[in-house]
Amino acid sequence: LQQGAMWLGRRQVDQVGFSTELFGARAREFIATNQNRPFFLQLSFNAVHNFTHQLPEEYLKANGLKGFRDWDAASEDYAEWYRAGRKPNNPEGRAHYLGQLKYLDTEVGRVVDYLAQLQLDRQTLVIYIGDNGGSTPIYANNGPLRGSKYTLYEGGIRVPLIVSWPGHFEDGRVRYNVVSSMDLLPTICSVADVGKPEHLDGIDISELLSGNNESLHHETLVWDTVHETSVRHGKWKLKTAADRQHADNQMIDLELGEFLYDLDSDPGEAKDLSKDQPEVFARLKEMYQSWKMEVQATQQGNSK
């Protein structure tokens, strides 16, 4: 067990336990308190995240794991300790990752089961989403997708999205439409029948989820993290990387330059087509510049 402080509203309260389980317990308490009125619950687990070695002692023992030490500021350099716990240096790294995932899955299941127990499942829209792709330095596996969290490769920006609303959205359907986390706000507003803010980049995808409009998708999406930029337009993806400072600090693969990929035939982003498809390459670069100018103009307008 770990001891520390947790913010409960505006109060800091000492807690003893494993954070993933504490978050799940607090979520169920919130649901119980608000079960007779409309509520919005954003449950942001920090699992799976740095530092995955921080697991309950009973789990480590049950799985024959030695664990990994926390940083001792008095005796070791932080950067050296940090790198020692990351791929490929930690022989138990994958097991630690899966342990964190096990606790996350358990708590998500407990919340969903609790909604059903209170007979709230058919009245509650549940959205499960990750904030980034798997972090390969802490032993995530993104399958055929290249890259990791911290990058704009598909392994860094494709995330799990599961939406459940029994009786309203189709059960067991898998869709491959390109959608974005930006779409969650307008979709929630639509489902809750409340007005949505103006000037949103996201779209309401409730008709896609209900099966009434199978064509809803984003034709174009743009990313810019300063270190990298990317444009997704249909099957085409423009990917640029300007420097490796962030990548080297996080111990991740990053190829510098400008690249064009066909994600339909090459989801692993292995073959650069920028010279084979110069017109497509130029068009996506123009799309990025237009997007950037639009964003800058909006920022300037908002600052006046």
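**Notes on the predicted model: a sheet, its cores and two other spots**

1. A good place to start is Leu-238. Setting aside its neighbours within four places in sequence, Leu-238 is in contact with Thr-229, Ser-230, Val-231, Phe-259, Leu-260, Phe-281, Leu-284 and Lys-285. Please keep in mind throughout that this is a predicted model.

2. Leu-238 also belongs to the largest nonpolar core, which has nine residues. The other members are Val-231, Trp-236, Leu-260, Leu-273, Val-280, Phe-281, Leu-284 and Tyr-288. At least two of the core residues come from strand 7 (236-241), and at least two from helix 9 (278-303). Helix 9 is the top contributor, giving four residues. Another core, of eight residues, lies apart from this one, and Ala-241, Ile-252, Leu-254 and Phe-259 are among its members.

3. Next, the sheet. Four strands make an open sheet in the order 5-6-7-8, and their pairing is antiparallel. Strand 5 and strand 8 (257-262) are the edge strands; each has a single partner strand, so one side of each has no neighbour in the sheet. From one strand to the next, the twist averages 10°.

4. Going through the pairs in order, strand 5 (residues 220-224) and strand 6 run antiparallel and are joined by five bridges. Asp-224 has Thr-229 of strand 6 as its bridge partner. The two strands form a hairpin with three residues between them, and Val-226 in the turn has a positive phi of about 75°. If you check backbone torsions, you may like to look at that residue.

5. Strand 6 and strand 7 are also antiparallel, with six bridges between them. Here Ser-230 is paired with Lys-239 in strand 7. This hairpin has two residues between its strands, and the positive phi in its turn, about 60°, belongs to Gly-234.

6. The last pair is strand 7 with strand 8, again antiparallel and joined by six bridges. Ala-241, already mentioned as a member of the eight-residue core, stands opposite Gly-257 in strand 8.

7. Is strand 6 (residues 228-233) mostly buried or exposed? Six of its six residues are buried, so the rest of the structure largely encloses this strand. In a regular strand, side chains alternate between the two faces of the sheet. In strand 6, Glu-228, Ser-230 and Arg-232 point one way, while Thr-229, Val-231 and His-233 point the other way, and all are buried. Val-231 is the one we met in the largest nonpolar core, and Thr-229, Ser-230 and Val-231 are among the contacts of Leu-238.

8. Away from the sheet, helix 1 (residues 19-33) passes a simple length check. At 1.5 Å a residue, its 15 residues should span 21 Å, and the C-alpha atoms at its ends are 21 Å apart, which agrees. Its buried residues are Thr-20, Leu-22, Gly-24, Ala-27 and Ile-31.

9. Finally, a loop residue. Thr-124 sits in the loop between helix 4 (93-117) and strand 3 (126-129). Its relative accessible area is 13%, under the 20% cut-off, so Thr-124 is buried. A polar atom of its side chain lies 2.6 Å from the backbone oxygen of Leu-120. Not counting residues up to four places away in sequence, Thr-124 touches Leu-115, Ser-164 and Trp-165.

Technical notes
Residues numbered from 1 in each chain as written. Predicted model: local features only at pLDDT ≥ 70, side-chain atom pairs only at ≥ 80, totals over all residues. Heavy atoms only, no water. Core = buried A, V, L, I, M, F, W, Y, C linked by side-chain atoms within 4.5 Å. Buried < 20%, exposed > 50% of the residue type's maximum accessible area, 1.4 Å probe, protein only. Contact = heavy atoms within 4.5 Å. Expected span 1.5 Å × (residues − 1). Pairing = 2+ DSSP bridges. Axes fitted to C-alpha atoms, helices over the stretch in contact; angles between N-to-C directions. Polar contact = N/O pair within 3.5 Å; in protein donor to acceptor, adjacent residues only side chain to side chain.
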